[in-house]
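Take a look at the chain shown here. A short round of questions and answers goes with it.

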Amino acid sequence: MVKAVALSTVHLCKTPGERSPEGKTTKRAEIEAKAPGAILDVDKKQLDDLVAKGAARPATKVDLARADESSQMDLG
């Protein structure tokens, strides 16, 4: 898995949907929406696809440090 930064809203499939032999949907796919600036864990193939579409870029050490810093901030 590699880290990527979302440049626009990215919709990732958590679990695929299922269909019955008749073609009816038996289980809907679970989709996770990531906001711009969010750090994503994706495989190399997904990263290449997202970069080609302009939806994400590889995360830098600075991006990861900022994400870690913001998660540790006390907003209370």
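The questions below go from the whole chain down to single residues.

Q: What is the mean pLDDT of the chain?
A: This is a predicted model. Of the residues in the chain, 92% reach a pLDDT of 70 or more. The mean pLDDT is 89.

Q: Which element has the lowest mean pLDDT, and which the highest?
A: Two elements mark the ends of the range. Strand 7, residues 56-58, has the highest mean pLDDT, at 96. The lowest, 81, belongs to residues 61-72, which form helix 2.

Q: What pattern do the helices and strands follow along the sequence?
A: The chain holds 7 strands and 2 helices. Read along the sequence, their order is β-β-β-β-β-β-α-β-α.

Q: Why is the chain described as more spread out than a compact globule?
A: For 76 residues, the globule rule gives 11 Å. The chain is well over that value, so it counts as more spread out than a compact globule. Its radius of gyration is 16 Å.

Q: What are the rough dimensions of the box that the C-alpha atoms fill?
A: The box is taken along the principal axes. Its dimensions are roughly 50 × 35 × 20 Å.

Q: What share of the exposed area do carbon and sulfur atoms supply?
A: Buried residues make up 17% of the 76 in the chain. The chain exposes about 5,900 Å². The share from carbon and sulfur atoms is 52%.

Q: How far apart are the centres of the positive and negative side chains?
A: The chain carries 13 positive side chains and 12 negative ones. Each set has its own centre, and the distance between the two is 5 Å.

Q: Is L50 buried or exposed?
A: L50 sits in helix 1, residues 44-52. Its relative accessible area is 12%. A residue under 20% counts as buried, so L50 is buried.

Q: Which residues does L50 contact, leaving aside neighbours within four places in sequence?
A: One partner, V10, lies 40 residues away in sequence. The C-alpha atoms of L50 and V10 are 8.7 Å apart. With near neighbours in sequence left aside, the contacts of L50 are V10, L40, V42, A55 and A56.

Q: Which residues does D63 touch, not counting those up to four places away in sequence?
A: D63 belongs to helix 2. D63 is buried, with a relative accessible area of 11%. Beyond four places in sequence, D63 touches V5, I39, R57 and P58.

Conventions
Residues numbered from 1 in each chain as written. Predicted model: local features only at pLDDT ≥ 70, side-chain atom pairs only at ≥ 80, totals over all residues. Heavy atoms only, no water. Helix = DSSP H or I, 4+ residues; strand = E, 2+ residues; numbered from the N terminus. Rg over C-alpha atoms; globule rule 2.2 N^0.38 Å. Buried < 20%, exposed > 50% of the residue type's maximum accessible area, 1.4 Å probe, protein only. Areas by Shrake-Rupley, 256 points an atom, 1.4 Å probe, with all protein chains shown as cover. Lys, Arg positive; Asp, Glu negative; His and termini not counted. Charge placed at Lys NZ, Arg CZ, Asp CG, Glu CD. pLDDT = per-residue confidence, 0-100. Contact = heavy atoms within 4.5 Å.
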